[in-house]
Amino acid sequence: MKGYGYRRMKVRFMKRFLAAVLAGSMVLSTGMMASAAELSDLFDASYYAQMNPDVAAAVGNDEAALYQHFVTSGMAEGRSASAMFDVEQYKKKYPDLVRIFKNNTAAYYNHYLNNGMAEGRDGGGFFDPTAYAKAYPDVVAALGNNPKALYQHFMTAGLAEGRTAGLNFNSVAYAALNPDLKKKYGTDKAALFREYITEGAAQGRKGARADKANKWYCDQKGDHTVENWVTETYANCTDPGVQRGFCSICGEEVTNISKADGYSHIDKNQNDKCDLCNARLNTYAKK
Ligand SMILES: [Zn+2]
Ligand SMILES: [Zn+2]
């Protein structure tokens with residue numbers, strides 16, 4: 001028992017130690033970051049201008065001016081610097097980090113660059129460089145691991161080649177909420193994403209992510225749109241089955257209950273009688 005207690009203390013100590021190290025890393029200036037990727041590697045000027053038309057209107061389309069805006073105020077305001085990283089999504093995905101970094105936005109960028117990518121965490125952007133690198137080792141062999149290099153490859157070649165691993169764009173919702181685009185591009189995820197990134201975002205089109213604000217669409221349709229159901233319990237002779245999933249349009253968790261089917265009997269004690277409804281079965285007939 002002594003050993004157990006000691007180990008627990010040790011684990012607790014390690015947790016505190018790690019938290020202190022992580023908290024410390026946010027104090028380091030960006031210039032001191034040892035990893036290959038730097039803050040500027042997570043910044044994409046044209047994306048930033050596209051997603052933040054108010055900023056573009058104020059500072060223009062000059063790359064350096066946009067980056068300057070991002071560093072001095074955009075980052076703290078939680079604005080997304082590129083398709084590679086979205087600090088608000090990163091916080092949503094990793095509550096363990098929120099407990100440590102609270103509202104220190106810069107700390108999340110540092111964490112992603114110095115630890116998150118290596119740990120395989122999803123940066124919460126529309127494009128996950130880590131997933132892309134994992135799926136396409138040939139690209140990594142040619143270009144390395146730098147997130148910006150991977151994103152550039154994705155936009156200039158990968159998309160057209162059908163390399164969509166790492167693309168976290170909600171094409172189902174985007175097409176549903178924008179019928180004109182659905183008519184034009186069908187279910188072509190790559191084409192819909194390209195449209196969004198070059199035009200749709202600045203036009204304020206909705207649906208790139210599942211969002212409560214899109215719920216009007218579900219209400220109007222009288223139904224949610226769930227792509228992936230997870231079966232919790234299968235229906236049997238007397239009990240209903242339960243499936244759960246998330247709506248691609250509004251993000252709401254949806255439960256689907258199917259009726260008891262009257263024929264899927266269960267006979268665990270193998271007495272040729274259904275444990276649930278007592279129906280006579282002949283599955284384990286004795287000689
Ligand atoms: Zn919905
Ligand atoms: Zn039964």
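**Two positive phi values and a buried tyrosine**

D272 is partly exposed, since 14 other C-beta atoms lie within 10 Å of its own, and its place in the chain is the segment after strand 3, the strand that covers residues 253–258. I should say at once that what we are looking at is a predicted model. In this model the phi of D272 is near 60°, a positive value in a residue other than glycine. Most residues other than glycine have a negative phi.

N278 also belongs to the segment after strand 3, and its phi, near 70°, is again positive although the residue is not glycine. Is N278 buried or exposed? With 11 other C-beta atoms within 10 Å, N278 is exposed, because the cut-off for that class is 12 or fewer.

Let me turn to Y174, which sits in helix 11, residues 171–177, and which is buried, because 25 other C-beta atoms lie within 10 Å and the class begins at 20. Leaving aside residues up to four places away in sequence, Y174 touches L181, L192, Y196, G207 and A208. Y174 and I249, although 75 residues apart in sequence, are 8.2 Å apart in space, C-alpha to C-alpha.

Finally, a word on confidence. The chain averages a pLDDT of 86, and 86% of the residues score at least 70, but among its elements helix 1, residues 2–25, has the lowest mean, 44, whereas helix 12, residues 179–185, has the highest, 97. Over residues 1–35 the pLDDT stays under 50, and for that stretch the model has 20 contacts beyond four places in sequence.

Note on methods: Residues are numbered from 1 along each chain as its sequence is written. Chains are lettered from A and ligands numbered from 1 in the order in which they are written. This is a predicted model: local features need pLDDT of at least 70, side-chain atom pairs count only at pLDDT 80 or more; totals for chains, interfaces and linings use all residues. pLDDT is the predictor's confidence in each residue, from 0 to 100. Helices (H or I, at least four residues) and strands (E, at least two) are DSSP runs, numbered from the N terminus. Two residues are in contact if their C-beta atoms, placed from the backbone, lie within 7 Å.
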